[in-house]
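Here is a walk through one protein model. Keep the coordinates open while you read.

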Amino acid sequence: MMECSDEDSRPQTMHEEDPLSVDIPETAHQISKDSWFQVGFVLTTGINSAYVLGYSGTIMVPLGWIFGVVGLIAATAISLYANTLIANLHEFGGRRHIRYRDLAGYIYGRKAYSLTWGLQYVNLFMINTGFIILAGSALKAVYVLFRDDHALKLPYCIVIAGFVCALFAICIPHLSALRIWLGFSTFFSLVYIIIAFVLSLQDGINAPARDYGIPGTTTSKIFTTIGAAANLVFAFNTGMLPEIQATVRKPVVDNMLKALYFQFTVGVLPMYLVTFVGYWAYGSSTSSYLLNNVTGPVWVKAMANISAFLQTVIALHIFASPMYEYVDTKYGIKGSALSFRNLSFRIAVRGGYLAINTLVSALLPFLGDFMSLTGAISTFPLTFILANHMYLVAKKNKLNSLQKLWHWLNVCFFGCMSVAAAIAALRLIAVDSKAYHVFADI
């Protein structure tokens, strides 16, 4: 375990720009109240969100058995490592850094504060866009089970999903207030994961031999493989670890590490299960939403899709919380969540934010492409490049030459991966945009 000693935390390890010149506001949201177990469930909710129903198609199909399995295990290990680096810097310099941008600003200065906030905002916006696409897809899947008349199209379902997400956001004032909803989220996750697993297993046993070859031309295989690498890191990382760590009780570093170990051991097992079995059952024909492949009783499939929809509404709130915390703090939204001022503010601001999310979701409903682009332009920089470089700067007086070289290698490698994955993701979006019109009914 990497501990921050007093000597490690001296200001001499900072960038030459005075870090205290960055104005760090107090938060209007509740912090330091949650147990490590509750925080572990927040993290596990993210990792086992309805996105797991897409990994068979968006990770395993482009990579195949060998690289898919090895890639998922490797991504688990490096993601745990990168997140522990960030968690250990939470109290760097003798103060708590409850936002990602606060930590970057303290280490590097004002420009890094603004750049990190921009990256994080883009990261969370695209994750939430994907969640709304997922929720809309789940709603459409339920409708198609009972009426396949194409009257209720995907864009309409996305609008309904966005409206429900906005209602939930208005009712839940901050991240710690989720509490019992985390229990519901876990239940919903288990429902759709177990149903997807059992129906996929049944289909796989009864189906003829499957084709596990990687589809596409040589050129397309290169781009889809790189895009799948971005999906690998997207699967395990939130891009908002300091904000989640802010809610945990003291000792904040030790408790956060417990939550991370829970996430990356017990928490990843359901995701592995449904990802591998889904690919085994359907091979290269696996879709980016596994419940579209499975066969079984209509009511069982409806239950799985409804559970995926409801869990997505809860998970989106977690990833939107840094944006909510920012505007609530900026405009002094404190006190009773039901006061007229606070309630009307949440209706206007959160409703407006999710309306924009919903518009983008309906405009370009290409889920796998959004996952790749998010991983490329924000997850790689926030979770791997920035984490390693911040740790290198903060601990440079305590690291030997080999350790410094290790962190620089990580920075360079993930920097190259980020650029390559961004190019691949943009190409995939361009290709899909030619194949489908905007507001496509996929």
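A residue is called buried when its relative accessible area is under 20%, exposed when it is over 50%, and partly exposed in between. By that cut-off Glu325 is buried, because its relative accessible area is 9%. We will come back to Glu325 shortly.

First, confidence. The model is predicted. The mean pLDDT of the protein is 84. A score of at least 70 is reached by 89% of the residues. Among the elements, helix α10, residues 269-282, has the highest mean, at 95. The lowest mean belongs to helix α13, residues 367-394, at 80. Over residues 1-13 the pLDDT stays under 50. The model still has 29 contacts for that stretch beyond four places in sequence. Residues 16-20 are also below 50, and this stretch has eight contacts beyond near neighbours in sequence. Where pLDDT is low, the predicted coordinates should not be read in detail.

Now to the charged pairs. How many salt bridges does the model hold? The count is five. One of them joins Arg99 and Glu325, whose closest N and O atoms are 2.7 Å apart. Arg99 sits in the loop between α2 and α3 (100-108), while Glu325 is part of helix α11, residues 298-330. The two are 226 residues apart in sequence, so the salt bridge ties together distant stretches of numbering. Is Arg99 buried or exposed? Arg99 is buried, because its relative accessibility is 2% and the limit is under 20%.

Glu325 has another partner. Its side chain also meets that of Arg101 in a salt bridge, at 4.0 Å from N to O. This pair links helix α11, which holds Glu325, to helix α3, which holds Arg101, across 224 residues. Arg101 is buried too, with a relative accessible area of 2%. Asp102 belongs to the picture as well: Arg99, Arg101, Asp102 and Glu325 are linked in a network of salt bridges.

Helix α11 takes part in a further bridge. Here Asp328, in helix α11, pairs with Arg350, in helix α12 (residues 340-363). Their side chains meet at 3.0 Å, N to O. The two positions are 22 residues apart in sequence. Both Arg350 and Asp328 are buried.

Next, look at Tyr289. This residue lies in the loop between α10 and α11. Its relative accessible area is 4%, so Tyr289 counts as buried. Which residues does Tyr289 touch, leaving out those up to four places away in sequence? The list is Leu53, Leu134, Ser137, Ala138, Ala141, Asn305 and Ala308. Take Ser137 from that list. Tyr289 and Ser137 are 152 residues apart in sequence, and their C-alpha atoms are 8.2 Å apart in space.

A second long-range pair involves Ile194. Helix α6, residues 180-206, holds Ile194. Its C-alpha is 8.7 Å from that of Ala304, although 110 residues separate the pair in sequence. Ile194 counts as partly exposed, because its relative accessible area is 48% and so falls between the two cut-offs.

Turn to the surface. Trp65, Ile66, Phe67 and Val70 form a nonpolar patch there. Together these side chains and backbones present about 450 Å² of accessible area. Ile66 is a member of helix α2, residues 55-88. With a relative accessible area of 63%, Ile66 is over the 50% limit and therefore exposed.

Then the cysteines. A disulfide is a covalent bond between the sulfur atoms of two cysteines. How many disulfides does the model have? The count is zero. Cys157 is buried, with a relative accessible area of 0%. Cys171 is exposed, with a relative accessible area of 57%.

One backbone detail remains. Which residues does a cis peptide bond join? The bond lies between Lys250 and Pro251, with omega at about 0 degrees. Pro251 is in the loop between α8 (241-245) and α9 (252-263).

How values were computed:
Residues numbered from 1 in each chain as written. Heavy atoms only, no water. pLDDT = per-residue confidence, 0-100. Helix = DSSP H or I, 4+ residues; strand = E, 2+ residues; numbered from the N terminus. Contact = heavy atoms within 4.5 Å. Patch = residues over 30% accessible without salt bridge, like charges linked within 9 Å, V, L, I, M, F, W, Y side chains within 5 Å. Areas by Shrake-Rupley, 256 points an atom, 1.4 Å probe, with all protein chains shown as cover. Buried < 20%, exposed > 50% of the residue type's maximum accessible area, 1.4 Å probe, protein only. Disulfide = S-S within 2.5 Å.
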